[in-house]
Amino acid sequence: MTNKEMKKVAIKASVFAIVSISLMLYRSATKHIMITDAAGVQLERGSSENAYTLLVDKNVPQGKSDVLIIPLPKSVSSDNIVLEDRYLDHQLRIYIDSREEGFYKDNAIVTDLDIIEDAVCVAQNDTGSVCLDFDLDNLYANESTLTESSTIEVKFLRPSEKYDRIVAVDTDEGLLETALLLKNIASRDQNNDIKFYYTSQAEEDVSIEQRMALVKDCQADLLVGLSLDDSGNDEGLTCYYNDRFFLRRLNNAQFADIVERNCAVEFGAQAFGVVPAGEDELLLSSSIPSARLKIGIAATGDEAEDPAGKTDMNKVAEGVYNAVLEAFEVME
């Protein structure tokens, strides 16, 4: 190999190394952290007896106003961090699996945000694993990244500032699986950016006041209720709507028909029609297109998969998602 050829090889190797290192730094600087939400299994926070108030430094770096900056022990990677967005309670919890006990007694979070009402650290064990618990003054969407400076940066936005289309979903305890399936369908859809917020968190009881507040706080465009029907129509679907509030672009009866029709097609069950909501407080309090689908208990079968590998709850979730897509098309 001549000197000229050797120089060419060296230059190519150098360029490759620089590009590779740049990509590695970029990825590490913008690495997203695992996030769970209210539709998932909740994590164990720890005892409040082991909690202390976090130190707060309001001297934020230039360009970082309105950002929450959380320092991390050097040994912590993205694999050791989980964010839990407890939006129903206006809480953000950050679980950090660390080996540096007492780290947050000496290292302050940095922020000038006035939306944080309380910030505590809860020790989960005696080796340094903690839950950082932030109480917020309202429901916020958040964007979280792990930086190359060993910090987590969190930006908070009102839901309508981050998402173009928002749906509130109210589910009975027996249909939490459907909520999870609906969440998974939405996450796989790359063409339609729709955010779903759920009133039901795991197996916890949620009051009607909390449900009403969520619909308002998340700035929802649509409200879908999912319930098991124990009224006697146990082999089909019935959809209820708010008959006391008239909407121009998409009225409640139209939306209920869209929900029932799409779910009946996917589910393969008899549709008993759309009827006024009666005493459904959540629907009657809503000023956005709202419908509640009630599913006959016998119609859910034994959850056996069909030849396509779909369970009954899969079919309901797909029907609801298709109905939401159709409703937004009508509203545009």
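**Helix 4 against helix 8**

I began with the handedness of this pair: in this predicted model, helix 4 passes helix 8 in a right-handed crossing. I then looked up the geometry. The axes of helix 4 (residues 176–188) and helix 8 (residues 312–331) come within 9 Å and cross at roughly 55°. That angle is why I noted helix 4 as oblique to helix 8.

Next I listed who makes the contact. From helix 4 I have Glu177, Thr178, Leu181, Leu182, Ile185 and Ala186. Helix 8 answers with Met313, Asn314, Val316, Ala317, Glu318, Val320 and Tyr321. Sorted by class, the contact comes out as nine nonpolar, two polar and two charged residues.

**The nonpolar cores**

Which residues have the most contacts inside the largest nonpolar core? I found Val167, Phe196, Tyr197, Leu222 and Val324, in a core of 59 residues. Helix 8 turns up again here, giving the most to this core with 11 residues.

I paused on Tyr197 and looked up its partners, skipping residues up to four places away in sequence. Tyr197 touches Tyr87, Leu139, Ala141, Pro159, Tyr163, Ile166, Val167, Ala168, Val169, Leu214 and Cys218. Val167 is thus a partner of Tyr197 and also on the list of residues with the most contacts inside the core.

Apart from this core lies another, of 27 residues. I jotted down Val76, Leu92, Tyr104 and Leu146 as being among them.

**Helix 5 and its cover**

Leu214, one of the partners of Tyr197, led me to helix 5 (residues 208–217). Which residues of helix 5 are buried? My list reads Arg211, Leu214, Val215 and Asp217, so two charged residues are on it beside Leu214 and Val215.

I also checked what covers these buried residues. The cover includes helix 3 (159–162), strand 13 (165–171), strand 14 (194–198), strand 15 (222–229) and helix 7 (281–284). After helix 5 comes Gln219, and I noted that its phi is positive, near 60°.

**Phe245 in its loop**

Last stop: Phe245, in the loop between strand 16 (236–241) and helix 6 (252–267). Is Phe245 buried or partly exposed? Its relative accessible area is 36%, so I entered Phe245 as partly exposed.

For its surroundings I left aside neighbours within four places in sequence, and found Phe245 in contact with Asn252, Ser286 and Ser287. I also looked up Ser285, which is 40 residues from Phe245 along the chain. The C-alpha atoms of Phe245 and Ser285 are separated by 9.0 Å.

Note on methods. Residues are numbered from 1 along each chain as its sequence is written. This is a predicted model: local features need pLDDT of at least 70, side-chain atom pairs count only at pLDDT 80 or more; totals for chains, interfaces and linings use all residues. Side-chain values use heavy atoms; hydrogens and water are left out. Axes are lines fitted to C-alpha atoms, for helices over the stretch in contact, and angles run from 0 to 180 degrees between N-to-C directions. Helices (H or I, at least four residues) and strands (E, at least two) are DSSP runs, numbered from the N terminus. Angles under 35 degrees count as roughly parallel, over 145 as roughly antiparallel, 65 to 115 as roughly perpendicular and the rest as oblique. A crossing is left-handed if the near helix is turned anticlockwise from the far one by less than a right angle, and right-handed if clockwise. Contact means heavy atoms within 4.5 Å. Buried means under 20% relative accessible area, exposed over 50%, partly exposed in between (1.4 Å probe, protein chains only). A nonpolar core is a set of buried Ala, Val, Leu, Ile, Met, Phe, Trp, Tyr and Cys residues joined through side-chain atoms within 4.5 Å.
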